[in-house]
Amino acid sequence: KMPSNPTSGGLKGFLQRAYGSSTKAYASILPLCSRTYAFLSRSGFVISATLFVTLIPLIMEIDREGVVMADEKLKVADLRSKGFQDSQMMQMGLSESAVYGTSVL
């Protein structure tokens, strides 16, 4: 005798039940996914804007500082070849790290 519910057994019934439960799960998860996407897109914008405002100028400043240090080291080498003492170069306003060759980085 045939079962009263045609989707109750066999592979066809299993697939139909699986499809039904997956569509119910999708319908219940969809609002959560859309809220999560909205939150992540807003927070991603805030994080990227903050990095753009703070990190990019910091990187540029560190690079500029390296260029200035290289220039000061060239000046120190030139002044040493002309016979200037370390104290005289410090009085001229050259940085201590350029005169003595120490570096924090």
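Let's start with charges: this chain has four salt bridges, where a salt bridge means a side-chain nitrogen of Lys or Arg within 4 Å of a carboxyl oxygen of Asp or Glu. Keep in mind that this is a predicted model, in which local features need pLDDT of at least 70 and side-chain atom pairs count only at pLDDT 80 or more, while totals for chains, interfaces and linings use all residues. Residues are numbered from 1 along each chain as its sequence is written, and side-chain values use heavy atoms, with hydrogens and water left out.

**Charged pairs**

Side chains of opposite charge can pair when their charged atoms come close. Here are some of the pairs, with their N to O distances:

| Pair | N to O distance |
|---|---|
| Arg 64 and Glu 61 | 3.0 Å |
| Lys 75 and Asp 71 | 3.7 Å |
| Asp 78 and Lys 82 | 3.5 Å |

Arg 64 and Glu 61 sit three residues apart in helix 1, so about one helical turn separates them. Helices here are DSSP runs of H or I with at least four residues, strands are runs of E with at least two, and both are numbered from the N terminus. Lys 75 and Asp 71 are also in helix 1, four residues apart, which is about one turn of the helix.

How open are these side chains? The scale runs from buried (under 20% relative accessible area) through partly exposed to exposed (over 50%), using a 1.4 Å probe and protein chains only. Arg 64 is partly exposed at 45%, and its partner Glu 61 is partly exposed at 36%. Lys 75 comes out partly exposed at 42%, as does Asp 71 at 38%. In the last pair of the table, Asp 78 is partly exposed at 38%, whereas Lys 82 is exposed at 57%.

**A buried charge without a partner**

Glu 72 is in helix 1 too. Which side chain of opposite charge is nearest to Glu 72? That would be Lys 75, but it is 6.5 Å away, and the buried Glu 72 has no salt bridge. For charge, Lys and Arg count as positive and Asp and Glu as negative, with His and the chain ends not counted. Setting aside residues up to four places away in sequence, Glu 72 touches Leu 94, Ser 95 and Ala 98; contact means heavy atoms within 4.5 Å.

**The overall layout**

The chain has three helices and zero strands, giving the pattern α-α-α along the sequence. Buried residues make up 9% of its 105 residues. Of the contacts with a separation of 6 or more, 16% join residues 24 or more positions apart.

**Inside**

The largest nonpolar core has seven residues: Met 69, Val 76, Leu 79, Met 89, Leu 94, Ala 98 and Val 99. Helix 1 (10–81) and helix 3 (96–100) each supply at least two of them, and the largest share, three residues, comes from helix 1. Such a core is a set of buried Ala, Val, Leu, Ile, Met, Phe, Trp, Tyr and Cys residues joined through side-chain atoms within 4.5 Å. Beyond its neighbours within four places in sequence, Met 89 is in contact with Val 76, Leu 79, Arg 80, Phe 84, Leu 94 and Val 99.

**Outside**

The chain exposes about 8800 Å², and carbon and sulfur atoms supply 67% of that. Accessible areas come from the Shrake-Rupley method with a 1.4 Å probe; for residues, only the protein chains shown count as cover.
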